[in-house]
Amino acid sequence: MARRAEPVRAAPVSAWPGVGAACFMAVLICGALLAVALNAETGRGLGRADWSAIRFTVSQAALSAAISVAIAIPVARALARRRFAGRSLLITLLGAPFILPVIVAVLGLLAVFGRGGWISAALGWAGFGPVPIYGLHGVVLAHVFFNLPLATRLILQGWQEIPAERFRLAAQLGAGSGAIWRLLELPMLRRVAPGALAVIFAVCLTSFAVALTLGGGPKATTIELAIYQAFRFDFDLGRAALLSLAQLVLTFAAALLALKTSGAEGFGAGLDRPVQRWDASSTLLRVQDGALIVLAALFLLLPLLAIVLDGVPGLSVLPWSVFRAAGYSILVALGSTCVLLALAVPMAASIATGRAGPVELAGLLGLAVSPLVIGTGLFLIVNPVADPFALALPVTALVNAAMALPFALRILVPAAREIVVVQGRLALSLDMRGWPFVRRVLLPRLRPQIGFAAGLAAALSMGDLGVIALFADPNRATLPLQIYRLMGAYQMEAAAGAALLLLILSVALFWSLDRGGRWHAEA
C-alpha cells in the first residue's frame, strides 16, 4: 500500500513527442553555445573597448531596473488604493509595451523626448535646453518605458496578495496610512521588489535594438551591440565568441539572482474578500494618487499617440522596399509561429503528464541565452557548409520561435495539466489515448491558449530586430531592419510611416490569432 498520495502513472497522451521537441531545443541551443565556445580564442582576452561594453551593459541594466522599480512602487500603490472607471482597461494597457516592436517604441520615444520632440519643444519655450536622448539617457529612458509596466504589474500583484482581513484589522485598530505602510506594505515590498528588480535587470542585460538605435557611440555600447559590431563590421569571430561567453555568464548570473530573490513567503491566505481601504480617503492622497496614475499613463501612451500622428503622413511616401520587407516579416512571423506550435504543444502535453520534468527545463533555455548569442553560434555552424546570409529568414524564424517558447509554455502548461487531470481518467476508461485523445479532447480544449500563444509569438517575431541584423543582406530585410535603415538614411517621415505599418501588422496578427483561438468558445 502506498504511504502517500501518488499520481496515476497511466496518461492518455504520450510524452515522447514532447521529449523529441525538447531534445531538438537542447541540441539547437547547446549546439550554438558549443560553437561559440569552440571559436573563443583562449590565447587572447577582451580588449579595453570590450570591458567598457561590459561595464556599460551592467550599469545601464542596474540603473534601468532601479528607476523602473522606484517609479513602479508609488504607481502600483496608487492603483491598489483607488477604484475608478477604466481601471481594468488601464491595467490591461500596461502590458502593451510587451508586444510593441522595439523599433516602433524607439520612434515614438524620439517623437516625444527627442531633440525635436514634444518635450524638448516645451522646454525650449520655457528657456531650457532639449532632452538628451542618445547615449545612456536614451537607453535608460527606453528601458524604463518597456519595463515600467512589467514592474508595476509585478508589484501590484504583491499588493493584491495582501489579504483584505489585514486592512480590516488595521482599520479597526485605527492605523493610518503611515502605519499601514510600515506594517503591511513595506514588508510586502521587501519580498516582491527584489525579485522584480532582478527580473528587469536580467531583461535589460540582453538589450540590442535599444542600444543599436539610441546608444550614441562607443561609450554607450552594450555587449550585444559589441557582438554585432565584431561580427558584421570586423568579422572577428573569436572576439564575438568571447563576448558571447561574457554575455552568457552575466545572463545566467542574473537569472539565478532572479530565482533566488523570488521565493520569499507571503502573508498567507485570506477569505478572498474585496479589499477596502480606509486609510487613503484624504483629498491630498487622492490628488497624489490621481496625479501618479495620470503621469504614468501619459508616459506610456504619448509615444503610441506620436507613432500614429507621425506615421499617417508617412504612409504616402513609403518606398517599395518597405512593403517587400513587410512581406518578409509576415513570412518570418508565420513561420516562427508554426515552429513554435510544433514545439510547444507536444512539450506542454508531455509536461502535463507529470513524467517529463527535463522537458520543461529544455523549454526554459531560451530565457537564459541571448538570441544574439544563438545567432552567432548558428552562423558559425552554417558558415563552413552553406551561405548563412541565404538562410537569414529561416534562421530568424527559428531563433524567434526558441525565444518565444518559454512564454508559450507558461500559457499552455497550466491548461494542459487541467485537461489531462479532469479528462484523462475518462479517456483511459474509454481506451482513448494517443492521437485520438489529442485530436478529440486536448486540442479543442486547448484552443484558446494555443491562439493566445500563437498571437504573442507572431507579434514578438514581427518586431524582432536581433538575429536578422546579423544575417540579412541588402536585398532581404524584415520590416524592423528596414525601419532602422531608413532612420540611418535620415528618411524619418518614411521611417515613421513604416513604424505605423509595423505596429498595425503586429497588432493585427496578435488579434487575429488570439481571436481565432477563442471564436469557438464564444460561439
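**Figure 1. L205 in helix α9 and its surroundings.** In this predicted model, L205 is found in helix α9, which covers residues 177-205. L205 has a relative accessible area of 2%, and because a residue under 20% is called buried, L205 belongs to the buried residues. Once the neighbours within four places in sequence are left aside, L205 is in contact with T57, V58 and A61 and also with Q247, L250, T251 and A254. The C-alpha atoms of L205 and I223 lie 8.3 Å apart in space, while the two residues are 18 residues apart in sequence.

**Figure 2. Helix α11, residues 223-232.** I223, one of the buried residues of α11, leads to the next view. Eight of the 10 residues of helix α11 are buried, and the helix is therefore largely enclosed by the rest of the structure. Besides I223, the buried residues of α11 include E224, L225, A226 and I227, followed by Y228, A230 and F231.

**Figure 3. A105 in helix α5.** A105 has its place in helix α5, and with a relative accessibility of 1% A105 counts as buried. When residues up to four places away in sequence are not counted, A105 touches L100, F145 and F146. Although A105 and L304 are 199 residues apart along the chain, their C-alpha atoms are separated by 7.5 Å.

**Figure 4. The second largest pocket and its lining.** This pocket has a volume of about 450 Å³, and 24 residues line it, of which L107, L110, Y134, M487 and M492 are the closest to its centre. Which helix gives the largest share of the lining? That helix is α5, with four residues, while α10 (209-214), α13 (283-314), α21 (479-488) and α22 (492-522) are also among the helices that each supply at least two. Sorted by chemical character, the lining residues divide into 15 nonpolar, seven polar and two charged.

**Figure 5. I483 and the largest nonpolar core.** The largest nonpolar core of the model has 165 residues, and I155, L479 and I483 are those with the most contacts inside it. Helix α18, residues 392-429, contributes the largest share of this core, namely 19 residues. For I483, the contacts beyond four places in sequence are with I103 and L107 as well as with A495, A498, A499 and L502. L107 also appears in the pocket view, as one of the lining residues closest to the centre of the second largest pocket.

**Figure 6. N400 in helix α18.** N400 has its place in helix α18. Is N400 buried or exposed? N400 counts as buried, because its relative accessibility is 8% and the limit for a buried residue is under 20%. Apart from residues up to four places away in sequence, N400 touches V332, S336, S461 and D464.

**Figure 7. Y490 in the loop between α21 and α22.** The loop between α21 and α22 holds Y490, which is exposed, with a relative accessible area of 72%. Y490 is not a glycine, and yet it has a positive phi of about 60°. Most residues other than glycine have a negative phi.

**Figure 8. A37 in helix α1.** A37 has its place in helix α1, which covers residues 16-38. With a relative accessible area of 35%, A37 is partly exposed, a class that lies between the limits of under 20% for buried and over 50% for exposed. A37 and G238 are 201 residues apart in sequence, but in space the distance from C-alpha to C-alpha is 9.3 Å.

**Figure 9. The whole chain and the confidence of the prediction.** The protein chain has 22 helices and zero strands, and buried residues make up 51% of its 523 residues. Among the contacts with a separation of 6 or more, 84% join residues 24 or more positions apart. The mean pLDDT of the chain is 79, and 82% of the residues reach 70 or more. Confidence is highest in helix α14 (residues 320-352), at a mean of 91, and lowest in helix α8 (residues 164-172), at 63. For residues 1-8, where pLDDT stays under 50, the model has one contact beyond four places in sequence. Over residues 263-272 pLDDT likewise stays under 50, and for this stretch the model has 16 such contacts.

Conventions
Residues are numbered from 1 along each chain as its sequence is written. This is a predicted model: local features need pLDDT of at least 70, side-chain atom pairs count only at pLDDT 80 or more; totals for chains, interfaces and linings use all residues. Side-chain values use heavy atoms; hydrogens and water are left out. pLDDT is the predictor's confidence in each residue, from 0 to 100. Contact means heavy atoms within 4.5 Å. On a 1 Å grid over the protein atoms alone, a cavity is a set of points where a 1.4 Å probe fits but cannot get out, and a pocket is an open set with protein on both sides within 12 Å along at least five of seven lines; lining residues have an atom within 4 Å of a point. Grid points are joined across faces, edges and corners, and a volume is the space filled by probe spheres set on the points. Ala, Val, Leu, Ile, Met, Phe, Trp, Tyr, Cys and Pro count as nonpolar, Asp, Glu, Lys and Arg as charged, and the others, Gly among them, as polar. A nonpolar core is a set of buried Ala, Val, Leu, Ile, Met, Phe, Trp, Tyr and Cys residues joined through side-chain atoms within 4.5 Å. Buried means under 20% relative accessible area, exposed over 50%, partly exposed in between (1.4 Å probe, protein chains only).
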